[in-house]
Amino acid sequence: MSSRRGFLQNVLAGAGFFTSAKILSAQDMQMSGDMPGTNRKGKKGSIQDHGSPVLAETPDVPNLPFRMDGNVKEFHLIAEPVKQEIVPGRIVDLWGYNGSAPGPTIQVTRGDRVRIIVDNHLPEATSMHWHGFEIPVEMDGAPGSSQEPIPPGGRFVYEFTLSQEGTYFYHSHMAMQEMIGMIGAFVMHPKETYKPRVDKDFVIILQEYAILPNITVPNSMNMEFNWLTFNGKSGPANTPLIVRQGERVRIRLINLGMDHHPIHLHGHQFVVTGTEGGRQPESTWGPGNTVLVGVAQSRDVEFVANNPGDWMLHCHLPHHMMNQMSSMVGPMSRRNGMPAGLDMERGMGMLRQGSATSQENGPSLGRGLGVGSTAEQTMSNSPLKAGNPMQRQDMPDMPQQGMRMGKPEVSKDANSVPGFPQDAFMEGPMMAMDKMVEKPENFGLRPGWSGFMAGMMTFVRVLPQDKYDHIMELRKKQEGWSKQRHHSVV
Ligand SMILES: [Cu+2]
């Protein structure tokens, strides 16, 4: 985060953008804990606090700084290619904003007049849509109808007054660009805090990418996805949500992708207090612990964190609780290849002979669009041939690469059991990388925890006061330390 922040400031300073204005960084704003430009009554951090709302925190994503021009809050967004490290060592090529995918979070207060300068540093035209905003149509960012697309190297300046409240977002209105990262959160706070007041307010953006092994660019046309992210990170690389026991917590979930995600919280019941249309009346709040966040929707959930522990928060679609899913993992890792897809021409339906449902073409087209592998491993949901279950045919020496050493514990006759393997080579001690994802927010987690975290998965850590304070201390120390170094690694 600190490197992103430095990068952002450099970009903005380089453009001469903030020469006369104080830069409000994410950390500055977060440390003050206040909405910029507002006075907060009450003791900071106190559970009984009233007055203006707390600033939302988007773990692993910075806030977008702004400057005041008279009574206008001026933001600057740069659409550009981004290198994003979704898990340690897996750096992928996405498109985003200001060095981040998803883009930095914008936070405003109802009634604010905002100006957003959008520069296009992409090699093609883009557009910037303000999702759900009640603003004049010429500010809507619909390419071709409300305005011309922003050409490469071009700029468009948006300006409007906001009279809404809730969890909104901005995104490119070009479909393929949406699938390669181009979205960011836009939180509109009320002037007076809602009751009951929340002590912590988090934003999580849900995204999905199809990135085959040894490729760094997602295939934005895929219908299936093997990297599922919260705020641009897959488990175990996410920064956990740190809360004090007894605090009231809001989590704002935003989804822009091809799938709907049932987001589940362990250990607590919550209520859904808002949608992409803003706050819902309290009479509609029913208890639950899983909320379906549909495509183009946002959902706010609130709960009192009264149950201490490290609680998982994750998408409950089983395939969204995995990383690097491809035709070579899990049950499919042990047999020879079989036809799986078609080349792009035939996959798009341009068949030279036969029909798409024919004996020759049907099985391949049935697996996807044909844009991808042309051979896949057969399923092993039937007994494998006898032999040492530790020995993988395709990978006799399992690479460890910084992961914790160790082999999965499997029974001697594992290969004779129909269905084996399911998770044996995908989860557990051998996949643990606690050290590689070490950060203050992970302090004190059970050793080996990271071997079971993947995909859209993070923790809500509900901590008693002393443990909470300790992590905050560590966080402060790390911020001080990384401020001294201008270019740390992600
Ligand atoms: Cu999901």
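**Rings, a copper site and a strand pair**

Guide: Welcome! In this predicted model, strand β12 (residues 241–244) runs parallel to strand β23 (residues 457–463), the two being joined by four bridges.

Visitor: What makes β12 and β23 a pair of strands?

Guide: Pairing asks for at least two bridges, and β12 and β23 have four, so they count as paired. One of the partners is easy to find: Leu 241 has Val 460 as its bridge partner in β23.

Visitor: Which way do the residues of β12 point?

Guide: Leu 241 and Val 243 point one way, Ile 242 and Arg 244 the other way, and all are buried.

Visitor: Let's turn to the rings. Why is the pair of Trp 130 and Tyr 170 called tilted?

Guide: The centres are 6.0 Å apart, and the limit for a pair is 6.5 Å, so the rings qualify. Their planes make an angle of 50°; that is neither under 30 degrees nor over 60, and therefore the pair is tilted. Trp 130 belongs to strand β6 (residues 129–131) and Tyr 170 to strand β8 (residues 166–171), 40 residues apart.

Visitor: And what makes Trp 130 and Phe 186 edge-to-face?

Guide: Here the centre-to-centre distance is 6.0 Å and the planes are 80° apart. An angle over 60 degrees counts as edge-to-face, so 80° earns the name. With Trp 130 in strand β6 and Phe 186 in strand β9 (residues 183–189), the pair ties together parts that are 56 residues apart in sequence.

Visitor: How do you know whether Trp 130 and Phe 186 are buried or exposed?

Guide: Buried means under 20% relative accessible area. Trp 130 has 0% and Phe 186 has 0%, so both count as buried. Trp 130 and Phe 186 also belong to a cluster linked by ring pairs, whose members include Tyr 97, Phe 133 and Tyr 168.

Visitor: Why is Arg 279 said to sit over the ring of Tyr 194?

Guide: The charged end of Arg 279 lies 4.0 Å from the ring centre. The distance limit is 6 Å, with a further limit of 35 degrees from the ring normal, so 4.0 Å meets the distance part. Lys 73 lies over the face of Phe 66 too, at 5.2 Å from the ring centre.

Visitor: What makes His 261, Cys 315 and His 320 donors of the copper ion?

Guide: Their atoms ND1, SG and ND1 lie at 2.0 to 2.1 Å, and the cut-off is 2.8 Å, so they count as donors. Their spacing along the chain is H-x53-C-x4-H. Both His 261 and His 320 are buried.

Technical notes: Residues are numbered from 1 along each chain as its sequence is written. This is a predicted model: local features need pLDDT of at least 70, side-chain atom pairs count only at pLDDT 80 or more; totals for chains, interfaces and linings use all residues. Side-chain values use heavy atoms; hydrogens and water are left out. Buried means under 20% relative accessible area, exposed over 50%, partly exposed in between (1.4 Å probe, protein chains only). Donors are N, O and S atoms within 2.8 Å of the metal (3.2 Å for Na, K and Ca); water is not among the atoms, so sites may look incomplete.
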